[in-house]
Amino acid sequence: MEFKYLDKDKNHPLIENFYQLKITEEDLPFKSIMLPTNLASITCNYGNQQYIIKDNYKTPLKNLTLSGQIHGGYEYIVNDLGYSIGFSLKPSALYKIMQTDISKITNKHISLKEINVDLYNQLNPLFLTYKNDISTLLKSLYKVFDAFPCVEDENLTHIDRAIDFIIEKEGLIKVNELIKVVPFSQKSLENKFKKIIGLTPGKYIRQYRFMRLMHKYTSKQIDLKDLICMYNYYDYSHFTRDFKLFMLQTPSTYFKNEYPLLKKYLQE
């Protein structure tokens, strides 16, 4: 199994990162827990028998797939040689591109063609033509998104500011603290945030906090006990509840197993 981020130093207003995953014959059958990154993504899956299992629902991954915001952990399974390349979008980028209620595709992995034919028709030929020329593929994809018409309005500006605040605080805030940085009532914030980002502010914050904790643990930056305290889990049972939601198992079970894909993308 080989996973890596591509063009990591590039800063783009819509694209957060590019990634590449290769599954070899030695890896098969491949199975991994996946921790959501609070980012929607578009992935081209080359190969067969790749699946996502979320809430006991199995979704095959074929061709160009759009993954909306995912809340809670899920499983990734590959039963044949697999190769994928894709990119994660900035938190509000999908709304800026599609100008529709993003919560409608939350917890879904769906063909991009079903959601946005125009974008599919622009991206699919690039992924097919340059699948063996990553440098040209990335340059071509940047050109598409540089030219793609995006909506911009005052609500988006405020939601982006709320996201920046959450990231700055590493998720160590409460929803009512966001009211201090955006001119919305709590109910209005909830509605606009869910429509533009795909999750409610509370779910986004909770998941982002846990993701940052696991990133620091996996990167060996800080001891787990210290991290639990640092990220405001008031006791171990509180931490365990979140762990089961996002990792689909107890901490004791997780630490007995190896998840090279999960650890690799958390370390990067």
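**Exercise 1. Asparagine 107: place, exposure and backbone**

Task: Find how exposed asparagine 107 is, where it lies, and what its phi is.

Solution. Start with the surface: asparagine 107 has a relative accessible area of 30%, so it is partly exposed. The class follows because partly exposed covers values between 20% and 50%. Keep in mind as you work that this is a predicted model. Next, locate the residue: asparagine 107 sits in the loop between helix H1 (93-98) and strand S10 (109-111). Finally, look at the backbone: the phi of asparagine 107 is positive, about 65 degrees, although the residue is not a glycine.

**Exercise 2. Asparagine 56**

Task: Decide whether asparagine 56 is buried or exposed, then describe its place and its phi.

Solution. Asparagine 56 has a relative accessible area of 80% and is therefore exposed, because exposed means over 50%. For its place, look in the loop that runs between strand S5 (50-54) and strand S6 (57-60). Its phi is near 65 degrees, which is a positive value in a residue other than glycine.

**Exercise 3. A cis peptide bond**

Task: Work out the form of the peptide bond from leucine 28 to proline 29, and say where proline 29 is.

Solution. Check omega: for the bond from leucine 28 to proline 29 it is near -15 degrees, and the bond is cis. Then follow the chain: proline 29 belongs to the loop between S2 and strand S3 (30-34).

**Exercise 4. Two residues in strands**

Task: Describe the surroundings of lysine 22 and of serine 88.

Solution. Take lysine 22 to begin with. It is part of strand S2 (residues 15-23). With a relative accessible area of 35%, lysine 22 is partly exposed. Setting aside neighbours within four places in sequence, its contacts are Met1, Glu2, Asp27, Gly82 and Tyr83. You can also compare chain and space: lysine 22 and tyrosine 46 are 24 residues apart in sequence, while their C-alpha atoms are 9.7 Å apart.

Now turn to serine 88, which is in strand S9 (residues 82-89). Its relative accessible area is 7%, so serine 88 is buried. Again leaving out neighbours within four places in sequence, serine 88 touches Ile15, Glu16, Asn17, Tyr19, Leu39, Ala40 and Ser41.

**Exercise 5. Helices H3 and H4**

Task: Find how the axes of H3 and H4 are arranged, and which residues meet.

Solution. Two packed helices are described by the angle and the distance between their axes. The axes of helix H3 (residues 117-129) and helix H4 (residues 134-147) come within 10 Å and cross at roughly 170 degrees. That makes H3 roughly antiparallel to H4, because angles over 145 degrees count as roughly antiparallel. On the H3 side, the residues are Leu119, Gln122, Leu123, Leu126 and Phe127; they meet Leu137, Ser140, Leu141, Val144 and Phe145 in H4. Sorted by class, the contact of H3 with H4 has 8 nonpolar residues, 2 polar and no charged.

**Exercise 6. Helices H8 and H10**

Task: Repeat the analysis for H8 and H10.

Solution. Here the axes of H8 and helix H10 (residues 236-247) come within 11 Å, crossing at roughly 95 degrees. H8 and H10 are therefore roughly perpendicular to each other. H8 brings Arg206, Gln207, Arg209, Phe210, Leu213 and Met214 to the contact, and the residues from H10 include His238, Phe239, Arg241 and Asp242. The contact of H8 with H10 splits into 8 nonpolar, 2 polar and 4 charged residues.

**Exercise 7. Empty spaces**

Task: Describe the second largest pocket and the largest cavity.

Solution. The second largest pocket has a volume of about 220 Å³. Its lining has 13 residues, and the closest to its centre are Gly171, Ile173, Lys174, Ile205 and Arg209. Helix H6 (175-178) and helix H8 (201-218) are the elements that give two or more residues to this lining, and H8 gives the most, with 4 residues. By class, the lining of the second largest pocket has 5 nonpolar, 4 polar and 4 charged residues.

The largest cavity has a volume of about 40 Å³. Among the residues lining the largest cavity are Asp7, Lys8, His12 and Tyr142. S2 supplies the largest share of this lining, 4 residues. The lining of the largest cavity divides into 3 nonpolar, 2 polar and 4 charged residues.

How values were computed:
Residues numbered from 1 in each chain as written. Predicted model: local features only at pLDDT ≥ 70, side-chain atom pairs only at ≥ 80, totals over all residues. Heavy atoms only, no water. Axes fitted to C-alpha atoms, helices over the stretch in contact; angles between N-to-C directions. Parallel < 35°, antiparallel > 145°, perpendicular 65-115°, else oblique. Contact = heavy atoms within 4.5 Å. Nonpolar A, V, L, I, M, F, W, Y, C, P; charged D, E, K, R; others polar. 1 Å grid on protein atoms, 1.4 Å probe; cavity = no way out; pocket = protein on both sides within 12 Å on 5 of 7 lines; lining within 4 Å. Points joined across faces, edges and corners; volume = space filled by probe spheres on them. Buried < 20%, exposed > 50% of the residue type's maximum accessible area, 1.4 Å probe, protein only.
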